[in-house]
Every structure is written in structure tokens, then in C-alpha cells.
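Hello,

Here is the structure I promised to pass on to you. Please open it first, and then read my notes beneath it.

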Amino acid sequence: MGSVIATIVVVILILVLVLRCICIVPQASAWVVESLGKYKATWNAGLHFKVPIFDRVAKRVSLKEQVADFEPQPVITSDNVTMMVDSVVFFEIFDAKLFTYGVERPIAAIENLSATTLRNIIGSMTLDQTLTSRDDINGQITAILDEATDKWGIKVNRVEVKNIDPPRSIVEAMEKEMKAEREKRAVILNAEGEKQSAITRAEGEKEAAILRADAVKEQRIREAEGEAEAIRKVQEAKAAAIQYINEANPSEKYLALRSYEAAEKMADGQATKIIVPSDLSNLAGIAAGIKETLK
């Protein structure tokens, strides 16, 4: 009976030992295995077996991209302004062995390296450059950290300056400057608007005056053309009448009669003196002379 129990105990121990030797590494992970205290292998995702007692898993490393959000760091710009700047580092581990044996406390090392790099970069800039060159700062820090952490098995994908907090006095001065600049732009815009409005009104008045002058000019031209046309029509009518008379070959009696009618009209006019030939019969002779002239 005792031997049976002992056998069962031994079998159970063997099963437990075998099960403990079976290792399943999950996806996006890497395990660093040591044998007798020395690096043996890096296990990637899948099923693995370790030698009991001799082998042990020294470190379990996640290969996913990780985010390290660091506390704000005091930095001084080139124009002696002290401000608090905090950053976020996005990184991933590409070599579990280097990550395990390359540096003690890798995340703390990245934080310290990020802080010193940030101080060096911002220390060469003025306050205005720092506030307007965030992308440039991010690019410089990323390049420096990525190069420095290669020997630790870490790849820095990007660094983002999350917040820049200048002193309260600087913020108030900047707010006043921005307010003054906005008021200046408003005054300039109002002046430009009034100037443009005055120019538009002047141009409108000028165009209206030109149109009025053109209208008066056109009216006078048309009136002159009308008067000229009327005179031309009258003269044409007179010429036609004279032509008809000449073509009709009027008699001396008709001419004498027309002379009498002309004398009658002269008498009815405003003339104060009328000279009449002593011999009215001479009127016929005058008329005959007119007839010859018209020919």
C-alpha cells in the first residue's frame, strides 16, 4: 500500500515538473531565457520547453508599441524664460535581449534622456520660437532618442511635446500683446473699409457726372441735328418750289401778282419804311428780272 502511494506521488511530481517545463509565449511578446544564470535564448510567440532547474525565464517583454507620459520638466529658453514642458514618448522594443541586459530600468533611462534632450533643444531657442516650433522640437527629440536607445533594444517612434506652460506673468504679457494686436488690426480694417467706401462713392459720383454730361451732350446733338434737318427740309421745299415755278414758265402777270403779294406782306410786317416804285408797273419788270435770275 505504501509503495502504491509513493508511486502515485512520484507520478504527480513528474507531471507537475513536466507541466512547468512547458511554456507558451503569447502573441506580441518575447521571453528572455537564462540557463544557469547565462543568457540562453529569446523565445517568441508559441510553444517552448525549458530544462527543469537549469533554465528560467529571466524577463517577459511586450513587443507592442508603448506610451511613456513623463512629468513636466523645467526648462530655460535662450532669453532666460523658465517654463514647464512635458512630453510623451511612443516606443517599442525590437530586441528583448538588449532591452533586458542593455540598461537598468529602461523607462527611467528614456525619461532622463528625454528631459536632458528637451532642455538642450529649448535652451537654444527663444520663447517665441519654442511656442511656434513644436513640430521641429518633436522631430529633433525623436531623432536623438531613437539613435541613443538603439543599443537598449528600443525604437522611439515619435516624441510629442504635450504642453508648454510659460510663467503667469509671461502669459499675461502675451495676452495683452495679442489684445493690442487685435485692436490694431480692427482699426486698420475699419480705416481700410472707410477708405474703400469713400473711393467707391467718389467713383460712383464720377460715373454719374459723366453719364449726365453724356446725356446732355447727346440731347444737344440730337436737338442740333433736328434743327439742321428742319432747315434742310425747309430749304429743300423752297428749292423745289422755285424749281417747279421755273419749270412751269410763269407769265409776267403771275410774277407781277406775286410781287404785289410780297409788297402786301411787307406792309403787314414790322418795317417802318417801305419804298414803293413810283410806277407800280415797274414791279412787273422787277418780277421779270427775278425770273431771269432764277433761271
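Asp86 is a good place to begin: this residue sits in strand E8. Bear in mind as you look that the model is predicted. Asp86 counts as buried, because its relative accessibility is 9% and the cut-off for buried is under 20%. What does the side chain of Asp86 have beside it? One of its polar atoms lies 3.0 Å from the backbone nitrogen of Asn163. Apart from neighbours within four places in sequence, Asp86 is in contact with Phe70, Glu71 and Pro72, and also with Glu160, Val161, Lys162 and Asn163.

Strand E8, residues 82–93, also helps to cover the buried residues of helix H3. That helix runs from residue 106 to 123, and its 18 residues reach 25 Å from the first C-alpha to the last, close to the expected 26 Å. Which residues of H3 are buried? They are Pro106, Ala109, Ile110, Ser114, Ala115, Thr117, Leu118, Ile121 and Ile122. Besides E8, their cover includes strands E7 (73–76) and E9 (154–165), together with helices H2 (96–101), H4 (127–132) and H5 (134–148).

Just ahead of H3 you will find Arg105, in the loop between H2 and H3. Its phi is near 50°, a positive value in a residue other than glycine. Ala28 also has a positive phi, near 60°, and its place is in the loop between E1 and strand E2 (29–35). Are these two residues buried or exposed? Arg105 counts as exposed at 62% relative accessibility, whereas Ala28 is partly exposed at 24%.

Now to the surface. Leu19, Ile22, Ile24, Leu47 and Phe49 make a nonpolar patch of about 540 Å². Two strands, E1 (22–25) and E4 (46–49), each supply at least two of the patch residues. Ile24, for one, is found in strand E1 and is exposed, with a relative accessible area of 61%.

Helix H6, residues 168–248, is where to look for some of the salt bridges. How many are there in total? The count comes to 11. Here are three pairs from H6 to try:

- Arg185 and Glu181 have their closest N and O atoms 3.9 Å apart. Because the two are four residues apart in the helix, about one helical turn separates them. Both are partly exposed, Arg185 at 43% and Glu181 at 35%.
- Arg222 and Glu218 come to 3.1 Å between their closest N and O atoms, and here too the spacing is four residues, about one turn of H6. Arg222 counts as exposed at 56%, while Glu218 is partly exposed at 37%.
- Glu229 and Lys233 meet at 3.7 Å, N to O, and they also lie four residues apart in H6. Glu229 is partly exposed at 33%, as is Lys233 at 47%.

The last pair belongs to a network of salt bridges that links Glu229, Arg232, Lys233 and Glu236.

Finally, the overall picture. The protein chain has eight helices and nine strands, and 23% of its 295 residues are buried. Among contacts with a separation of 6 or more, 63% join residues 24 or more positions apart. The accessible surface comes to about 20700 Å², with 58% of it belonging to carbon and sulfur atoms.

Happy exploring, and best wishes

Note on methods
Residues numbered from 1 in each chain as written. Predicted model: local features only at pLDDT ≥ 70, side-chain atom pairs only at ≥ 80, totals over all residues. Heavy atoms only, no water. Patch = residues over 30% accessible without salt bridge, like charges linked within 9 Å, V, L, I, M, F, W, Y side chains within 5 Å. Areas by Shrake-Rupley, 256 points an atom, 1.4 Å probe, with all protein chains shown as cover. Salt bridge = Lys/Arg side-chain N within 4 Å of Asp/Glu carboxyl O. Buried < 20%, exposed > 50% of the residue type's maximum accessible area, 1.4 Å probe, protein only. Expected span 1.5 Å × (residues − 1). Contact = heavy atoms within 4.5 Å. Polar contact = N/O pair within 3.5 Å; in protein donor to acceptor, adjacent residues only side chain to side chain.
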